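Work through the exercises below with the sequence and the model open. Try each task before reading its solution.

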Amino acid sequence: MQSIIIVVLGLAGGLFGWFVYSKFIAEKIYRLDPDFVTPAHEINDGVDFVPTNKYVLWGHHFTSVAGAAPIVGPAIAVYWGWVPAVLWVMFGTIFFAGVHDFGALWASNRHKGQSIGALSESIVGKRTRALFMVIVFLLLLMVNAVFGVVIARAFVGTPSAVFPAWSAIAVALVIGQLVRRKFSILWLAITGVIILYVSVYAGSQMPLSLPEYLGLGPQANWIIIMFVYAAIASMLPVWALLQPRDFINGMQLFVGLVLLYGAVLIAMPDISAPAFNTRIGSDAPSLVPLLFVTIACGAVSGFHGIVSSGTSSKQLNKETDARFVGYVGALGEGSLALITIVVVSGAAFAASPEAWHQIYDKFGSAGASAFINGGANLISTGWGIPTGVAQTVLATMVVLFAGTTMDSGVRLQRYIIQEWSVIYRLPAIGNSVVATLIAVGTCLLLAFGAGGSSGAGGLVIWPLFGSTNQILAALTLLIISVLLLKLGRPVRYTLIPMIFVLIMAFWAGVVKLIDFYRDGNMLLVAIDFIVLVTSVLVMLEAASAMRAYQQQKKGSEPFSQKGL
C-alpha cells in the first residue's frame with residue numbers, strides 16, 4: 001500500500017506546483033507578457049527559429065531534457081532508501097527544476113534566444129561567458145557520448161526495440177510535413193502513437209540485431225550509426241524531424257506513465273525497499289551530498305537550462321507559453337522519476353525486502369534495466385499485458401528518450417560552435433555543416449579514443465557528470481537571479497535553490513576529486529579541478545556584477561536591456 005501513498009503525494013505536489021507555485025512565479029517574478037514579440041517570430045529563419053504550438057514544443061522540450069537520466073538516477077539513488085529519493089524528487093521538481101527550466105526559457109526568450117552561455121555575457125560580462133562555455137560544452141560532450149552508448153546497449157540488450165525506435169523516426173518525418181500543411185495536431189498525435197505501438201508489437205515479434213562489421217562489434221556499430229543520424233537530424237529544420245519526433249515521444253511517455261501509474265492503482269503493490277537503507281556498504285558514497293547529484297534530471301538539472309535556452313526558446317510562439325513548456329516539462333520529468341522509484345522499490349521488482357537487498361547489494365548495482373524489468377512486471381500484473389510486450393514498450397521509451405536528448409545535444413553543440421565563430425571571429429566554423437562535423441567528431445573522438453573499439457569512451461568521464469551538471473544548474477539559477485536583481489524583482493525564489501544546489505554540487509565535486517586522486521585517475525582529477533575552479537570564477541564575476549549594480553545611483557535606470 002505504500003506505493004499508493006507515494007503516488008498520491010506526488011500527484012498532489014505536482015498539482016500544487018502547476019496551479020499555485022508556477023502561477024505565482026509567472027505573474028509576480030518573471031511577469032510574462034503575452035504581447036512580447038518572441039525570437040521565433042522576430043528572427044524566424046525556418047530552421048532553428050520557428051514559432052511552434054505550445055503542446056508540440058512541450059513534447060520537444062520534455063523529451064529532450066528527459067533522456068534516460070530521470071530513470072537511471074532515481075533507480076540508483078533508491079540504494080539509500082525510497083524516502084530520501086521521493087522527497088528530493090518532489091521538492092526538487094516543484095521548487096527547483098520548475099523555476100530553473102522556466103526561468104532559463106524566459107531569460108533566453110528576452111535576449112533573442114541566446115544560449116545560457118551567451119546570455120551570461122549579456123547579464124554579467126564577457127569573462128563569465130567564456131567560463132560558462134567551458135562547462136556547457138564539456139557537459140554536452142559527456143551527454144552525447146554517453147547517450148550514444150546507452151542507446152547502443154539498449155539495442156544490443158533489447159533487439160525488439162530496434163524496429164519501433166527507427167519506425168518512430170519515419171513516422172515523425174511524415175507528421176512534420178503534415179503539420180506544415182495544417183493537419184489537426186490532435187489526430188496526428190493519435191495516429192502517430194497508434195502506429196508507434198503497432199511497431200512496438202511488431203518489434204517484440206521481430207527482434208533485429210547488427211552483425212560485426214569492419215572489426216567492430218554491434219555496440220560500436222550502433223554508436224557510429226546513431227552519431228551519423230544525429231548529425232543529419234541536427235541540421236534539418238526543427239519542424240521536419242525534431243518537433244514531430246519529440247511530440248510523438250512525449251505522447252508515448254504519457255501513455256507509458258498512464259500504464260505505470262494505472263498499474264500501481266490497480267495492483268496496489270507493496271514496497272520492498274526500506275524507507276532508509278541501514279545496510280549501506282562501507283565503500284558506498286554518503287547520502288549527503290551524493291543524493292543531490294545522483295538524482296539530477298527528475299529534481300533539477302543544468303542540462304535543462306541548456307535545452308531551455310538552446311532550442312526551446314527559439315521556438316516559443318508566445319512568452320506566456322513558457323510556463324507550460326518549462327514548468328510542466330519539469331513536472332513531467334519529476335513524474336517519471338517518481339514512478340521509477342516506485343517501480344524499483346516495489347514487489348513487482350523484488351518480491352521481498354531480502355530479495356531487494358540482494359539486488360541492491362552495492363551502490364550502482366541497478367539502473368535502467370531495473371526500471372524496464374520491474375516496470376514490465378508491474379504493467380503485466382496490473383493490466384494483464386504480456387511481460388515481453390511490456391518490456392519492449394519500456395525499452396523503446398528509454399531508447400527514444402535517449403535518442404531525442406542526443407538529437408538536441410548535437411544540435412546544441414553546433415549552436416555553441418557557431419556562437420564561438422562569431423565571438424572569436426572564426427567564420428570557417430560558423431557553417432552549420434562544419435560546426436556539426438566538429439560536434440560529432442569530438443564525441444566520436446571521446447567515444448573511440450578513450451573507449452577503444454567498444455566506443456564506450458564517454459563512460460570514462462561520466463563520473464563527473466553529476467557534480468558538473470548540478471554546478472551548471474546552480475550557475476544558471478545565479479544568472480537568472482542577477483537578471484531579476486537588475487530588474488528590481490525578488491530574487492529569493494531563485495537564489496535560495498541556487499545556494500542549496502551549489503553547496504551540494506560543489507561538495508560532491510570535492511568528494512569526487514579526492515576519490516579520483518586516491519584512485520590515481522589524473523584525467524578526471526584535472527577535469528574536475530577545472531570545473532570547480534571555473535564555477536568559483538563565475539560566482540565571483542556574478543557577485544561583482546551584483547555589487548556594481550547595487551552601487552549605482554538611486555535614480556539610474558535599473559537595467560538597459562531592450563524589451564525588458
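**Exercise 1: the first helix**

Helix α1 is followed by R31, whose phi is positive, near 55°. Helices are DSSP runs of H or I with at least four residues, and strands are runs of E with at least two, numbered from the N terminus. This is a predicted model: local features need pLDDT of at least 70, side-chain atom pairs count only at pLDDT 80 or more, and totals for chains, interfaces and linings use all residues. Residues are numbered from 1 along each chain as its sequence is written, and side-chain values use heavy atoms, with hydrogens and water left out.

Task: find where helix α1 bends, and by how much.

Solution. Trace α1 through residues 2-29. The bend is at G17 and comes to about 40°. Here a bend is the angle between axes fitted to the seven residues ending at a residue and the seven starting there.

**Exercise 2: aromatic pairs**

Task: classify the pair W58 and F62, then the pair W88 and F500.

Solution. Start with the rule. Rings of Phe, Tyr and Trp (its six-membered ring) pair if their centres lie within 6.5 Å; planes under 30 degrees apart are stacked, over 60 edge-to-face, the rest tilted.

Step 1. The structure holds 25 aromatic pairs. In one of them, W58 and F62 lie 5.1 Å apart, centre to centre, with 25° between the planes, so the pair is stacked. Both residues belong to helix α3 (residues 54-66), four residues apart, about one turn of the helix. W58 and F62 are both buried; buried means under 20% relative accessible area, exposed over 50%, partly exposed in between (1.4 Å probe, protein chains only).

Step 2. W88 and F500 are 6.0 Å apart, centre to centre, at 45° between the planes: a tilted pair. This pair links distant parts of the chain, with W88 in helix α5 (residues 82-109) and F500 in helix α21 (residues 492-519), 412 residues apart. W88 is buried at 6% relative accessibility. F500 is partly exposed at 29%.

Step 3. Look for a cluster. Ring pairs connect F16, Y21, F24, F91, F95 and Y493.

**Exercise 3: charges over rings**

Task: which ring lies under R180, and which under R323?

Solution. Apply the cut-offs: NZ of Lys or CZ of Arg within 6 Å of the ring centre and within 35 degrees of the ring normal. R180 lies over the face of W239, 4.3 Å from the ring centre. R323 has its charged end over the ring of W18, 3.8 Å from the centre.

**Exercise 4: salt bridges at D48**

Task: which residues are linked with D48 in a network of salt bridges?

Solution. Side chains of opposite charge can pair when their charged atoms come close. The test is a side-chain nitrogen of Lys or Arg within 4 Å of a carboxyl oxygen of Asp or Glu. By this rule the count is eight salt bridges.

Step 1. R411 bridges to D48, with the closest N and O atoms 2.9 Å apart. R411 sits in helix α17 (residues 387-423) and D48 in the loop between α2 (39-42) and α3, 363 residues apart. R411 is buried at 0% relative accessibility, and D48 is buried at 8%.

Step 2. R414 also bridges to D48, the closest N and O atoms being 3.3 Å apart. R414 lies in helix α17 and D48 in the loop between α2 and α3, so the pair ties together parts 366 residues apart in sequence. R414 is buried, as is D48.

Step 3. Combine the two: D48, R411 and R414 form a network of salt bridges.
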